[in-house]
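Below is a briefing on one protein chain. Look over the sequence and the structure before reading the points that follow.

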Amino acid sequence: YEYAYSAQPVCGPARSLLFTGLFPHENGSWGNCMPLGADVKTLGQRLSSHGVRCAYIGKWHLDGGDYFGNGVCPEGWDPEYWYDMKCYLDEMDSDADRLRSRKAATCFEGDGITADFTFGHRVADRALRYIQNHQEDDFFLTVSFDEPHFPFLCPPPYDEMYRDYEFPKNPAVWDTLEGKPGYQKLWAAERPQPDRDGLKIRQQYFFGCNSYVDSLIGHVAQAAPQDA
């Protein structure tokens, strides 16, 4: 396909539609950190009730907790493989590492962020293990990376890949909020009048983190059964 559209530009509500088939205003999760309605069923519940194994590994953001989640596997998904961002923080050895995982990548220049420290690596590793263990089963596996979300942590060589790169500006940069819906204006309130002409799009770690998560997706895709 040439085009893809999201029913909602905000993370949580967009996820709520993907996993329920209902618009955010119908399923209860019309804003971030808002839970699904108690009577709303997810794909995991629908498929598992028909004998399909279902596993969800990665960011969920539909339990009504904070950004990281509550670490509790929702109904319909395999609790053995459930792994949200709270699980990631809980398995770290120290508060120092937990703080380190949430600081901007620029803080760690030369500090040696390794792949196995990142959330993405641990999500992909669990996904690969699930695929390996269920080759003969009918399964539905969701792999939900948080990257390239802030703080853009990525290991070498991705952290240096875009050091001097400047992203070309799209004509949409000069679009304004005139005539836009109030909800869109609200989300753009932090920068209502940016200097569009002077804007330089240089996001070394964000771009690097995009390439990093692309590589992780590639590893998972290659491991999937060929007839999937």
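Does His61 count as buried, partly exposed or exposed? With a relative accessibility of 5%, His61 counts as buried, because buried means under 20%. The model is predicted, and every value below is computed from it. The points start with the whole chain and then move to single elements and residues.

**Overall layout**

- The protein contains eight helices and two strands.
- Read from the N terminus, the order of elements is α-α-α-β-α-α-α-β-α-α.
- The radius of gyration is 19 Å, close to the 17 Å that the globule rule gives for 228 residues, so the protein is as compact as a globular protein of that length.
- Along the principal axes, the C-alpha atoms fill a box of roughly 55 × 45 × 40 Å.
- Of the 228 residues in the protein, 37% are buried.
- Among contacts with a separation of 6 or more, 65% are between residues 24 or more positions apart.

**Helix α1 and its surroundings**

- Helix α1 spans residues 11-20 and is mostly covered, with seven of its ten residues buried.
- These buried residues are Gly12, Pro13, Ala14, Arg15, Ser16, Phe19 and Thr20.
- What do the buried residues of α1 pack against? Their partners are two helices, α2 (24-27) and α3 (43-48), and two strands, β1 (53-58) and β2 (139-144).
- Gly21 comes just after α1 and takes a positive phi of about 75°.

**The two strands**

- Strand β1 is largely enclosed by the rest of the structure, because five of its six residues are buried.
- Strands β1 and β2 run parallel and are joined by six bridges.
- One of the residues involved is Gly58, whose bridge partner in β2 is Ser144.
- In a regular strand, side chains alternate between the two faces of the sheet.

**The loop between α6 and β2**

- His134 sits in the loop between α6 (119-133) and β2.
- The relative accessibility of His134 is 8%, so His134 counts as buried.
- Which residues does His134 touch, leaving aside its neighbours within four places in sequence? His134 is in contact with Arg53, Tyr81 and Phe139.
- Asp137 is also placed in the loop between α6 and β2.
- At 30% relative accessibility, Asp137 counts as partly exposed.
- Asp137 and Arg53 are 84 residues apart in sequence, but their C-alpha atoms are 7.4 Å apart in space.
- Arg53 therefore appears twice here: as a contact of His134, and as the residue whose distance to Asp137 is given.

**Positive phi at residues other than glycine**

- His61, the residue of the opening question, is found in the loop between β1 and α4 (85-90).
- His61 is not a glycine, yet has a positive phi of about 65°.
- Cys33 lies in the loop between α2 and α3.
- Cys33 is not a glycine either, and has a positive phi of about 65°.
- Is Cys33 buried, partly exposed or exposed? Its relative accessibility is 29%, so Cys33 counts as partly exposed.

**Cis peptide bonds**

- The peptide bond from Glu147 to Pro148 is cis, with omega near 10°.
- Pro148 is located in the loop between β2 and α7 (182-187).
- Phe150 and Pro151 are also joined by a cis peptide bond, with omega about 15°.
- Pro151 lies in the loop between β2 and α7.

**The largest pocket**

- Rolling a probe the size of a water molecule over the atoms shows where empty space is left.
- The largest pocket has a volume of about 990 Å³.
- Its lining consists of 24 residues, and those nearest the centre of the pocket are Ala188, Arg191, Pro194, Leu199 and Gln203.
- How many residues of the lining are nonpolar, polar and charged? The lining of the largest pocket divides into twelve nonpolar, four polar and eight charged residues.

Terms used: Residues are numbered from 1 along each chain as its sequence is written. This is a predicted model: local features need pLDDT of at least 70, side-chain atom pairs count only at pLDDT 80 or more; totals for chains, interfaces and linings use all residues. Side-chain values use heavy atoms; hydrogens and water are left out. Buried means under 20% relative accessible area, exposed over 50%, partly exposed in between (1.4 Å probe, protein chains only). Helices (H or I, at least four residues) and strands (E, at least two) are DSSP runs, numbered from the N terminus. Contact means heavy atoms within 4.5 Å. On a 1 Å grid over the protein atoms alone, a cavity is a set of points where a 1.4 Å probe fits but cannot get out, and a pocket is an open set with protein on both sides within 12 Å along at least five of seven lines; lining residues have an atom within 4 Å of a point. Grid points are joined across faces, edges and corners, and a volume is the space filled by probe spheres set on the points. Ala, Val, Leu, Ile, Met, Phe, Trp, Tyr, Cys and Pro count as nonpolar, Asp, Glu, Lys and Arg as charged, and the others, Gly among them, as polar. Two strands pair if DSSP finds at least two bridges between them. The radius of gyration is taken over C-alpha atoms; the globule rule is 2.2 Å times the number of residues to the power 0.38.
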